[in-house]
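Trainee: Could you walk me through how to read the packing in a model like this one? I'd like the general idea each time, then the case in front of us.

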Amino acid sequence: MKTIIPLGKLIAVGGNEDKGTYPNPRTRRKYYLNFFELGILKRIVLESGKIDPRIEVITTASMIPEEVGPIYIGSFAMLNCLNVGIMDIRTPEDARQPEFLERLMAADVVMFSGGNQSRLREMFGETDFLDRMTQRYYAEPNFVIAGTSAGAVAMSHSMIRGGSVPDALLKGAVKMGVGLSLLPAAIIDSHFVKRGRFGRLIEAVALHPKLIGIGLGEDTGVLITQGNLVETIGSNLVIILDGHNIQHNNAAAAKKGTVLSIENVTMHILAKGNVYDMRERKFYPSKDVLAPVITPSVAIDVSPGK
């Protein structure tokens with residue numbers, strides 16, 4: 001069976017603070033896009049291959065879309081990108097509207113905001129919107145799908161829905177579900193360092209040892225090309241967890257609440273510019289080192305609907 005290599009690009013951003021799930025009005029804080037200052041939005045624009053790309057921001061995951069949308073418009077405007085629209089899709093029926101499909105097909109960049117990643121699967125699962133977005137991702141070299149926080153986590157097929165940090169490394173601390181399936185080879189987690197999410201990503205990888213765990217630090221993202229090559233962008237760090245060499249592993253059999261016992265999880269720490277090859281499971285200090293290795297062997301077989 002031939003592996004279909006996507007021509008498009010994924011950009012997953014770790015986020016900085018929660019972007020749509022405030023516990024109560026008194027604790028509401030202003031919505032900041034700190035990663036803008038670090039060049040991640042600029043990189044998103046650059047990867048589209050256009051000076052002023054058509055950008056559609058999808059605020060479905062957020063419960064405060066009226067705050068989130070204008071901030072994105074203002075931030076992209078600072079990059080002289082004025083062709084930005086907001087898709088506030090609230091129901092699966094909205095996702096099926098011809099207007100949104102037309103806007104999707106005209107977009108150069110689609111960006112999912114933060115909030116609750118489960119809402120993204122709930123609204124877009126089994127829709128033409130998701131099917132066509134996925135087809136474009138596989139078929140079009142400069143089509144960019146970006147997401148921050150929940151929008152990044154939802155890119156996985158096996159998706160982290162949530163999990164208790166205090167119960168980290170106890171069976172059941174991580175809650176798994178199905179995401180948008182744009183990245184079947186990996187499990188993404190966000191806000192990784194400040195919110196102490198090592199434990200839940202380790203459990204997720206132990207439950208799915210053939211997948212690569214990607215933990216995104218705040219103000220940091222990854223550019224994923226060929227569905228496989230992970231390049232760190234931004235100022236912080238990215239954690240890679242590889243379970244392919246796990247030997248003893250009680251994650252599947254342990255009772256809920258008991259301590260996990262896992263042997264030989266491999267971890268890599270990526271700073272800005274470092275690259276990880278998920279297929280070969282190799283770390284590279286930079287793309288300059290990587291380029292001579294991959295250039296002769298790239299072979300892509302893509303047709304719509306696959």
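Mentor: Let's begin with the nonpolar core, keeping in mind that this is a predicted model. The largest nonpolar core has 55 residues.

Trainee: Which residues have the most contacts inside that core?

Mentor: Those are Phe112, Phe124, Phe129, Met133 and Ile214. Helix α7, residues 128–139, gives the most to this core, with 5 residues. Apart from it there's another core, of 20 residues, and Ile11, Val45, Val68 and Val84 are among them.

Trainee: What does Phe124 touch, leaving out residues up to four places away in sequence?

Mentor: Phe124 has contacts with Ile58, Thr60, Ile89, Ala95, Phe112, Phe129, Leu130 and Leu180.

Trainee: Now a polar side chain. Is Thr127 buried or exposed?

Mentor: The cut-off for buried is under 20% relative accessible area. Thr127 comes out at 2%, so Thr127 counts as buried. Thr127 sits in the loop between α6 (117–124) and α7.

Trainee: Which backbone atom lies 3.3 Å from a polar atom of the Thr127 side chain?

Mentor: The backbone nitrogen of Leu130. Thr127 also touches Ala95 and Arg96, again not counting residues up to four places away in sequence.

Trainee: How should I read a helix, then?

Mentor: Start with the geometry: an α-helix has 3.6 residues a turn, so residues three or four places apart point the same way. Then count which residues are covered. Take α9, residues 198–207: 7 of its 10 residues are buried, so call this helix mostly covered.

Trainee: Which residues of α9 are buried?

Mentor: Gly199, Arg200, Leu201, Glu203, Ala204, Val205 and Ala206. They pack against five strands, listed here with their ranges: β6 (158–163), β7 (174–178), β8 (186–189), β9 (212–216) and β12 (238–242).

Trainee: And on the outside, which residues form a nonpolar patch on the surface?

Mentor: Phe198, Met267 and Ile269, with about 280 Å² of accessible area together. Ile269 belongs to strand β13, residues 266–270.

Trainee: Let's zoom out. How many helices and strands are there in the protein?

Mentor: There are 10 helices and 15 strands. Of the protein's 306 residues, 53% count as buried. About 13,300 Å² is exposed, and carbon and sulfur atoms supply 54% of that.

Trainee: What share of the contacts with a separation of 6 or more comes from residues 24 or more positions apart?

Mentor: That share is 74%.

Definitions and conventions. Residues are numbered from 1 along each chain as its sequence is written. This is a predicted model: local features need pLDDT of at least 70, side-chain atom pairs count only at pLDDT 80 or more; totals for chains, interfaces and linings use all residues. Side-chain values use heavy atoms; hydrogens and water are left out. Buried means under 20% relative accessible area, exposed over 50%, partly exposed in between (1.4 Å probe, protein chains only). Helices (H or I, at least four residues) and strands (E, at least two) are DSSP runs, numbered from the N terminus. Contact means heavy atoms within 4.5 Å. A nonpolar core is a set of buried Ala, Val, Leu, Ile, Met, Phe, Trp, Tyr and Cys residues joined through side-chain atoms within 4.5 Å. Patches are made of residues with over 30% relative accessible area and no salt bridge: like charges are joined within 9 Å, nonpolar side chains (Val, Leu, Ile, Met, Phe, Trp, Tyr) within 5 Å. Accessible areas come from the Shrake-Rupley method with a 1.4 Å probe; for residues, only the protein chains shown count as cover. A salt bridge is a side-chain nitrogen of Lys or Arg within 4 Å of a carboxyl oxygen of Asp or Glu. A polar contact is a pair of N or O atoms within 3.5 Å; within protein, one must be able to donate a hydrogen and the other to accept it, and residues adjacent in sequence count only if both atoms are side-chain atoms.
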